[in-house]
Amino acid sequence: MPCEVAARFLILYGSQRGQAQSIAEEICQQAAEHGFTADISCLSNQHNYNLDSEIRPVVFMVSTTGDGDPPDTAQKFVRKIKNKSLPHHHFSHLRYALLALGDTNYANFCNGGKTIDSRLQQLGAKHFYPTGHADDGTGLEVVVDPWIEGLWDALKKTFSSMATSDQQDADLSDCTQDNFHKTASGQEKNKSDLEVDLHLLKLSEADSQKGKEIKSDSSDVETLSTVLVASLKQSVPPLSQSALSVPALPASYLEVRLEQEPVPSDKDGYHEVSISKAVQLTQDDAVKAAILLELDISEQNLAYQPGDGFDILCPNRASEVEELLLRLDLQTRKNCAVQVNLLKNSSKKAAKVPLHIPQNGSLQFILTWCLEIRSAPKKAFVRALVDFTQNGSEKRRLLELCSKEGSADYNSFVRDANVCLLDLLRAFPSCLPPLSLLFEHLPKLQPRAYSAASSSLQHPGKVNLVFNVVEFPARPEHPARKGLCTGWLAGHVSSILRPLGTVPASEHLGTSALPKVSTLNGSQCHLQVHVRPRPSSTFHLPADPSVPVVMVGPGTGVAPFIGFLQQREKEREANREATFGEMWLFFGCRHKDKDFLFRYKELERFAHNGTLSHLIVCFSRDEPDAAGTVNRPTYVQHNLRLHAKNVASILLKDKGSLYVCGDAKNMAKDVNDTLLEIIGNELQIDKLDAMKTVAGLREEKRYLQDIWS
């Protein structure tokens, strides 16, 4: 079989928010440069591939969502391969590689990819290249870039083996393992592939000459590096004088035309509901402002359980959309209809018009409601911007930011700094990208999820949501700004926002009239927001009310537990003879008198009437009391240790459930570590056995998390 015919492989991706798809498309795009032909398909499109008879090497790209679940687009595939009737040798013909995407801030890191990987192994499939686990918590590219780089040699060895032998049992993973790790550490690089001459970077002669002069005298380099400070706009030696390995230019694939007559665009799948109440839950001098929204969902007949969430569709900030239109010289055409088509003769494999961009919607609508203009541009986007940048030094800096050599600068000044497209355009004024480039690279504007902080038993036809107003302080890379959704919501309800502790006359009178605001023409209307239910498959109260419950929810993490407690209160009122298990709540905040959410109207009332058996609180920023309490608990994990015996008894003896809600990066990890410690001490076992016990609690759905980063 001729080599060029044989060197064809298949890429399959399962993506939730587009990252796995983007990486899969990048691999597909690079394949030709390495002498391969790649076919690509989403795992959900099972008519496009058949693994039961696939003899080509297969490369999987799989993300993780929810509580360690495969992405929605991979669910059907996972159910299919988990069929217990499949024989253990079902995929013995299959050679594959897999890159799993995840975030170590969450439990079950990369579990979506691990689930598919382990099941393929059980069914006899063989690795031709070691599995990679990329961490979005530290930067996917740290693993993704070297994994892709090593993939090509692994494929060459695989095709070489296939060309010389029909045997399918050659163990190729051993011969590529060293290559992967050496590549990842930078020990083996092909100079011709990884270096880019300065003249290829289209620097001006002056820029190039300046570089030569600096390189020629090491003392000059040392002096320069002490004067210059790296920033988004500029680098310092050695990066500024390095030859660069830059990613391939992404293939353009969209054609965008602006016509005259837009058609109205719908927000598909969302329900427009009225905001019936907005209450500030914190004092004005609290570090973070927390706001409760009450939504009237009675007309939409939306059902939910405590523990479920709701997605809120928020727009991009109007001022940022206007600035972007002005920067692209499209302000006068913002009301034009947008038509998006595939470019003829595009080299991009499996190119398609993004489904989240409506045809014939206005340009302003698309930039406001459809594209995430606040997202940090990926390296491929930065690389694409280079070709639309006129200034030589700006062009060089953008190339540095997207290069392997500039990964540290990219992480510091783009990814970690939350830099968005507008920030880049401000920093590089000679960059003027076409609209099609934005449509190709900006991801879909995602809804923001919030836990229901109420029970429909206590608030029929209503749902409460709670959020902190997120603040991003000013940095050299961007001005101060609020979180996209929380900042918009806070501004949206500012006209009806009630300070903490105030009750309007309508509530004294027992009326439920919705607040109204004036429109530009003087008429009145209700404040509204677009929502859709986000049911949880597991984060609910136990079906048996006699099961004891431990809830850990500092800050706004207490929200779903307010719903739990409202539900339990109503259940107790309705059935006074029934047995109800104990309910423990571990709550924490900064200051007792500033941000103790739901203190009076809810939590202390629940504790007083017996709905809440134990309310355990801590305040991290308050001064010690007059008695100067030693080792005063500061965070929720400290109180868990103080009540270790009770927690262990509830989980291990009484078969109770533990719920954790809040910050994934710090709190959830600390609580998990504390739980391991508690169980290890109680059962007198080492950490490994304690980890197995905690894993068992997760498997039994008795240790559940609703966390975010």
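This tour proceeds through the structure stop by stop, naming what to select and what is found there.

**Before starting**

The model is predicted: local features need pLDDT of at least 70, side-chain atom pairs count only at pLDDT 80 or more, and totals for chains, interfaces and linings use all residues. Residues are numbered from 1 along each chain as its sequence is written, and side-chain values use heavy atoms, with hydrogens and water left out.

**The whole protein**

Display the entire chain first. The protein contains 24 helices and 23 strands; helices (H or I, at least four residues) and strands (E, at least two) are DSSP runs, numbered from the N terminus. Of its 709 residues, 49% count as buried. Here buried means under 20% relative accessible area, exposed over 50%, and partly exposed in between, with a 1.4 Å probe and protein chains only. Contact means heavy atoms within 4.5 Å. Among contacts between residues at least 6 apart in sequence, 78% join residues at least 24 apart.

**The five-stranded sheet**

Select strands β19 to β23. They form an open sheet with parallel pairing, in the order β21-β20-β19-β22-β23; two strands pair if DSSP finds at least two bridges between them. At the edges are β21 (614-619) and β23 (703-708), each of which pairs on one side only. From one strand to the next, the twist averages 10°.

Now restrict the view to β19 (residues 549-552) and β22 (residues 657-663), which run parallel and are joined by four bridges. Val552 has Val660 as its bridge partner in β22. Next, add helix α22 (residues 644-653), which packs on the sheet and touches β19, β20 (583-589) and β22. The direction of α22 makes about 135° with that of β20; axes are lines fitted to C-alpha atoms, for helices over the stretch in contact, and angles run from 0 to 180 degrees between N-to-C directions.

Between α22 and β22, select Lys655 in the loop. Phi of Lys655 is near 55°, a positive value in a residue other than glycine.

**Aromatic pairs**

A pair of aromatic rings is described by the distance of the centres and the angle of the planes. Rings of Phe, Tyr and Trp (its six-membered ring) pair if their centres lie within 6.5 Å; planes under 30 degrees apart count as stacked, over 60 as edge-to-face and the rest as tilted. By this rule the count is 17 aromatic pairs.

Select Tyr129 and Trp147. Their ring centres are 5.1 Å apart and their planes stand at 50°, so the pair is tilted. Tyr129 belongs to the loop between β5 (126-127) and β6 (132-135), whereas Trp147 belongs to helix α5 (residues 141-164), 18 residues apart. Tyr129 is buried at a relative accessible area of 0%, and Trp147 is likewise buried at 0%.

Return to strand β22 for Tyr659, which forms an edge-to-face pair with Phe539, at 5.3 Å centre to centre and 85° between the planes. Phe539 lies in the loop between β18 (528-534) and β19, 120 residues from Tyr659. Both Phe539 and Tyr659 are buried.

For an aromatic cluster, select Phe9, Phe36, Trp152 and Phe159.

**Charges over rings**

A charge sits over a ring if NZ of Lys or CZ of Arg is within 6 Å of the ring centre and within 35 degrees of the ring normal. Lys348 has its charged end over the ring of Tyr253, 4.9 Å from the centre. Lys379 lies over the face of Tyr410, 5.5 Å from the ring centre.

**Nonpolar cores**

A nonpolar core is a set of buried Ala, Val, Leu, Ile, Met, Phe, Trp, Tyr and Cys residues joined through side-chain atoms within 4.5 Å. The largest has 52 residues, and those with the most contacts inside it are Leu232, Leu324, Leu363 and Phe439. Centre the view on Leu363: not counting residues up to four places away in sequence, the residues that Leu363 touches include Leu258, Arg333, Val338 and Phe439. Apart from this core lies another, of 31 residues, among them Ile23, Val59, Phe128 and Tyr129.

**Backbone details**

Most residues other than glycine have a negative phi, and most peptide bonds are trans. Select Pro237 and Pro238, which are joined by a cis peptide bond with omega about 10°. Pro238 is placed in the loop between α9 (218-227) and β7 (254-259).

Finish at Asn345, in the loop between β11 (337-342) and α11 (363-369). Phi of Asn345 is near 65°, a positive value, and at 81% relative accessibility Asn345 counts as exposed.
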